[in-house]
Amino acid sequence: SLQAAGPSPSFSSLDFIGQFDRTFLLCEAGNELVVVDQHAGHERVLFEQFRARTSQQPVSTQRLLVPELMEMDSARVLALCDAQDTLSEMGVELSQFGEGTIALHGVPSTVGAGRVRQAVADMADELVAGEVTNAVERLRYDLSALLACHCAVRAHDPLSRDEVRLLFLQLDELDYNFACPHGR
């Protein structure tokens, strides 16, 4: 885990050296080497964006020109429909399309539809398995963590210097915490 050099660390003040294994961001802070897990860092940023949204201030949604249809059993369809309001606040717009199909109409504007599609499938699995509670705040937390994990940059994704700079600026805007939702 990343250890803070002082009481108020600043990611954007780090001197970015480069990527190691296209997974870790290597930076200098004075005479110290700082290593940032790019997936965990981006996951943390997205998690806070999704979790903090409400019906009054939802995540910006990008409407799909053609809805993506996802076939699944009726229990999963119903479970997703029950969570529809929370998902909408997080930028995921979906509806029931027949007995065994979900239509994905919109995704968070900052992420791709492919990753959201997989996240929705996993959400359906966890909702049906009872691994996600119906309590609204806990539901938002759990679904935000799932969506953030799927939508964050992956290990081995190449990042440009500008993308690293933006990630560090976004991390600086968060409450001080070096962990992603899974504690990494």
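**Salt bridges and positive phi values**

Biologist: Let's start with His156: what is the relative accessible area there, and what does that make it?
Modeller: In this predicted model, His156 has a relative accessible area of 47%, and because the partly exposed class runs between under 20% for buried and over 50% for exposed, His156 counts as partly exposed.

Biologist: Where does His156 lie?
Modeller: His156 is found in the loop between helix H5 (136–151) and helix H6 (161–172), and its phi is positive, at about 80°, although His156 is not a glycine.

Biologist: And Asp21, what's phi doing there?
Modeller: Asp21 is a residue other than glycine with a positive phi, near 55°, and its place is in the loop that joins strand S1 (15–20) to strand S2 (24–29). With a relative accessible area of 49%, Asp21 is partly exposed.

Biologist: Changing topic, how many salt bridges does the count come to?
Modeller: The count comes to 10 salt bridges, and one of them joins the side chains of Glu48 and Arg51, with N to O at 3.0 Å.

Biologist: Where do Glu48 and Arg51 lie?
Modeller: Both lie in helix H1 (residues 38–52), where they are three residues apart, about one turn of the helix.

Biologist: Is Glu48 buried or exposed?
Modeller: Glu48 counts as buried, because its relative accessibility is 16% and the cut-off for buried is under 20%. Its partner Arg51 has a relative accessible area of 34%, so Arg51 is partly exposed.

Biologist: Which residues are linked in a network with those two, Glu48 and Arg51?
Modeller: Arg44 is linked with Glu48 and Arg51 in a network of salt bridges.

Biologist: What about Asp73, which side chain meets it in a salt bridge?
Modeller: The side chain of Asp73 meets that of Arg76, with N to O at 2.6 Å. Asp73 counts as partly exposed at 38% relative accessibility, and Arg76 is also classed as partly exposed, at 23%.

Biologist: Then there's Arg140, what does it form a salt bridge with?
Modeller: Arg140 forms a salt bridge with Glu89, and the closest N and O atoms of this pair are 2.5 Å apart. Arg140 lies in helix H5 whereas Glu89 lies in helix H3 (residues 84–89), so the pair ties together parts that are 51 residues apart in sequence.

Biologist: Are Arg140 and Glu89 buried or exposed?
Modeller: Both Arg140 and Glu89 are buried, whereas in the pair we discussed before, Asp73 is partly exposed and so is Arg76.

Notes:
Residues numbered from 1 in each chain as written. Predicted model: local features only at pLDDT ≥ 70, side-chain atom pairs only at ≥ 80, totals over all residues. Heavy atoms only, no water. Helix = DSSP H or I, 4+ residues; strand = E, 2+ residues; numbered from the N terminus. Buried < 20%, exposed > 50% of the residue type's maximum accessible area, 1.4 Å probe, protein only. Salt bridge = Lys/Arg side-chain N within 4 Å of Asp/Glu carboxyl O.
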